[in-house]
Amino acid sequence: MDRFDVAIVIPAYNEEKTIHNVVLQVLKYGKVIVVNDASTDNTSEESEKAGAIVISHQRNYGYDKTLNIGFKTAFEMECKYVITIDADGQHNPDLIETYIDYLKNKGVFLILGIRPRKARFSEMLMGIYFRMRFNVHDILCGMKGYNMELYEENGGVDHIGSIGTELAFMSLKQGYNTVEIPISVLPRRDKPRFGNILKSNYRIIRALFMIIRLDIKKHKKILCKL
């Protein structure tokens, strides 16, 4: 298995307790790119010690811009495939081998992880929309796999603040070959970084409206061409 055409992109914010072990567990699968979003702890140092390529922001940009930087770095390194995982150690690293097999050997362009359950009401709303629209079940799962042709065609990962869903949405809309893989989720060792329940629900509902707006715009463009 050629590991040098695969990048594992890990957005990270104040994850010093887990990031070292996460990087060590996934290094064997590809180039590991940790995008440190202005952490105030030792996330950057722990990532570097474990062997990751680390890009550090001087101020906090948020999840979407962090993903954009990670993908841009992978593209500049000529990686053909990107797998995203969370920095908190909740994703099973052994599944990366399965992701790579689908991307490299089975012609799959997009892989969506499916968590056992959704944590927030807003995630259920987002899930309903994507299930009705594309028959997929967990667009917000942080463990995804991409053929980098999708990134090139979309001109990036995110332009609208979609909490990392825009690129997957556009890929689904254009009919690219997609698979869903159930994943196990381990409990966090500390509190989540996504914000309190009100803030996180607001962010997800806003992202859903942005996706719907993008969907409607694209439909209008298609109708105008007909």
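Which residue forms a salt bridge with Glu-46? The partner is Lys-49, and the closest N and O atoms of the pair are 3.1 Å apart. The points below take this pair up again and go on to other parts of the structure.

1. The model is predicted. Residue numbers count from 1 along the chain as its sequence is written.

2. Helix α2 spans residues 43-50 and holds both Glu-46 and Lys-49. The two residues are three apart in that helix, which means that about one helical turn separates them. Their surroundings can be told apart by accessibility: Glu-46 counts as buried because its relative accessibility is 18%, while Lys-49 is exposed, with a relative accessible area of 61%.

3. The salt bridge in α2 belongs to a longer list, as the structure holds nine salt bridges. In general terms, side chains of opposite charge can pair when their charged atoms come close.

4. Another salt bridge links Lys-104 and Asp-5, with 2.8 Å between the closest N and O atoms. Lys-104 lies in helix α4 (residues 95-105) and Asp-5 in the segment before β1, so this pair ties together parts that are 99 residues apart in sequence. Asp-5 is buried, with a relative accessible area of 12%. Lys-104 has a relative accessibility of 24% and therefore counts as partly exposed.

5. Arg-115 and Glu-123 also meet through their side chains in a salt bridge, at 2.6 Å from N to O. Salt bridges with shared partners join Arg-115, Arg-120, Glu-123 and Asp-138 into one network. Within this network, Glu-123 counts as buried, at 3% relative accessibility.

6. Asn-14 sits in the loop between β1 (6-12) and α1 (19-26). Its relative accessibility is 14%, so Asn-14 counts as buried. The side chain of Asn-14 has two backbone nitrogens to note: that of Thr-40, reached at 2.7 Å, and that of Asp-41, which lies 3.4 Å from a polar atom of the Asn-14 side chain.

7. Ala-38 is not a glycine, yet it has a positive phi of about 60 degrees. The residue is found in the loop between β2 (31-36) and α2. Ala-38 counts as buried because its relative accessibility is 16%.

8. Asn-135 likewise calls for a look at its backbone: phi is near 60 degrees, a positive value in a residue other than glycine. Asn-135 is found in the loop between α5 (121-134) and β6 (144-147). Asn-135 is exposed, with a relative accessible area of 52%.

9. Strand β6 pairs with two strands described here. Four bridges join it to strand β4 (residues 81-84), and these two strands run antiparallel. Ile-83 has Gly-145 in β6 as its bridge partner. Three bridges join β6 to β5, again in an antiparallel arrangement. Here Leu-110 has Tyr-146 in β6 as its bridge partner.

10. How do the residues of β6 point, and are they buried or exposed? Lys-144 and Tyr-146 point one way, Gly-145 and Asn-147 point the other way, and all of them are buried.

11. Strand β5 (residues 110-114) is also joined to β7 by five bridges, and these two strands run parallel. Ile-111 stands opposite Val-179 in β7.

12. Side chains alternate along strand β7 (residues 178-182). Val-179 and Ile-181 point to one face and are buried. Thr-178, Glu-180 and Pro-182 point to the other face and are not buried.

13. The second largest pocket has a volume of about 160 Å³. Its lining is made up of Tyr-61, Gly-62, Tyr-63, Asp-64, Lys-65, Gly-161, Ile-163, Arg-203 and Arg-206. The elements that give two or more residues to this lining are α3 (63-76) and α8 (197-225). Helix α3 gives the most, with three residues. By residue class, the lining of the second largest pocket divides into three nonpolar, two polar and four charged residues.

Note on methods. This is a predicted model: local features need pLDDT of at least 70, side-chain atom pairs count only at pLDDT 80 or more; totals for chains, interfaces and linings use all residues. Side-chain values use heavy atoms; hydrogens and water are left out. Buried means under 20% relative accessible area, exposed over 50%, partly exposed in between (1.4 Å probe, protein chains only). A polar contact is a pair of N or O atoms within 3.5 Å; within protein, one must be able to donate a hydrogen and the other to accept it, and residues adjacent in sequence count only if both atoms are side-chain atoms. A salt bridge is a side-chain nitrogen of Lys or Arg within 4 Å of a carboxyl oxygen of Asp or Glu. Two strands pair if DSSP finds at least two bridges between them. On a 1 Å grid over the protein atoms alone, a cavity is a set of points where a 1.4 Å probe fits but cannot get out, and a pocket is an open set with protein on both sides within 12 Å along at least five of seven lines; lining residues have an atom within 4 Å of a point. Grid points are joined across faces, edges and corners, and a volume is the space filled by probe spheres set on the points. Ala, Val, Leu, Ile, Met, Phe, Trp, Tyr, Cys and Pro count as nonpolar, Asp, Glu, Lys and Arg as charged, and the others, Gly among them, as polar.
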